[in-house]
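Ready for a few exercises? Have a look at the molecule below, try each task, and then walk through the solution.

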Amino acid sequence: MWHWEAPHPEWKTSDGGPDGWGPEVSSYAIDDGERLLLFDPLAPPSLVDEFAAGRRPVIVLTCPWHERDARSVVKQLGAPVFVPPPDEGNTDPIGGTGFSPGDRLPVGVEAFPGMEPNDLVLWIESRRALVFGDTLVDRGRGLELPVTWLPKGMTRAQALETLRPLLELPVELVLPTHGTPADRAALERALS
């Protein structure tokens, strides 16, 4: 597995970023022996480019607005894309194969509900890893549910209730796309 950070494409130094977080966001690549799975990719570092040459690259997005550099990676590596449903009114979705909570993708990824219908939590059983888009983040204080990002009308308690089934999985690694990798204990704290 690889983790890298790069500036968020919409972050502006003048505004301090949304909700006070800095410019760096995370992307991940997981080698499953046959494919190189790229999660919410920003332009991948050259090491990942080189490694992708020996594997079939596949892009999996946690939410449609985490497209980031996916279009350029598709063009560069010829990778297929798996993407949750677009937001209403999005006139330029990336396309690809759609998926929803409860779906099991043919690339070994299972989708669980996040805090929004199209902000999904991805379970990679072979690596005992969960990938989070915007549902759990780390802004330097450990994993947390960003309550300021909750959909209108959803309470923290409701969001946590949706996420608690994740604790039944044999999770060892938590991969937030806003923050750095964490462990099961961090997940348990965030969902308590």
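**Exercise 1: strand S9 and its partners**

S8 and S9 form a hairpin with 2 residues between them. Before we go on, a word on the model: it is predicted, with local features needing pLDDT of at least 70 and side-chain atom pairs counting only at pLDDT 80 or more, while totals for chains, interfaces and linings use all residues. Residues are numbered from 1 along each chain as its sequence is written, and side-chain values use heavy atoms, leaving out hydrogens and water.

Task: work out in which sense S9 pairs with S8 and with S10, parallel or antiparallel.

Step 1. S8 and S9 pair in the antiparallel sense over 4 bridges (strands are DSSP E runs of at least two residues, helices H or I runs of at least four, both numbered from the N terminus; two strands pair if DSSP finds at least two bridges between them). Find Ala-111, and its bridge partner in S9 is Leu-122.

Step 2. Now go to S10, residues 129-132, which also pairs with S9 in the antiparallel sense, over 4 bridges. Here Val-121 has Phe-132 as its bridge partner in S10.

Step 3. Check the hairpin of S9 and S10: 4 residues lie between the strands, and Arg-128 takes a positive phi near 50°.

**Exercise 2: how enclosed is S9?**

Task: find how many residues of S9 are buried.

Step 1. Look at both ways the residues point: Asp-119, Val-121 and Trp-123 go one way, Leu-120, Leu-122 and Ile-124 the other, and all are buried (buried is under 20% relative accessible area, exposed over 50%, partly exposed in between, with a 1.4 Å probe and protein chains only).

Step 2. That's 6 of the 6 residues, so S9 is largely enclosed by the rest of the structure.

**Exercise 3: the two sides of H3**

Task: decide which residues of H3 are buried and which are exposed.

Step 1. In H3, residues 156-163, pick out Ala-159, Leu-160 and Leu-163: they're buried. They sit on the same side of H3 because they cover an arc of only 100° around the axis (taken from the directions from the helix axis to the C-beta atoms).

Step 2. Flip to the other side of H3, where Ala-157 and Glu-161 are exposed.

Step 3. Finally, see what the buried residues of H3 pack against: strand S8 (109-116), strand S9 (119-124) and helix H4 (184-190) (contact means heavy atoms within 4.5 Å).
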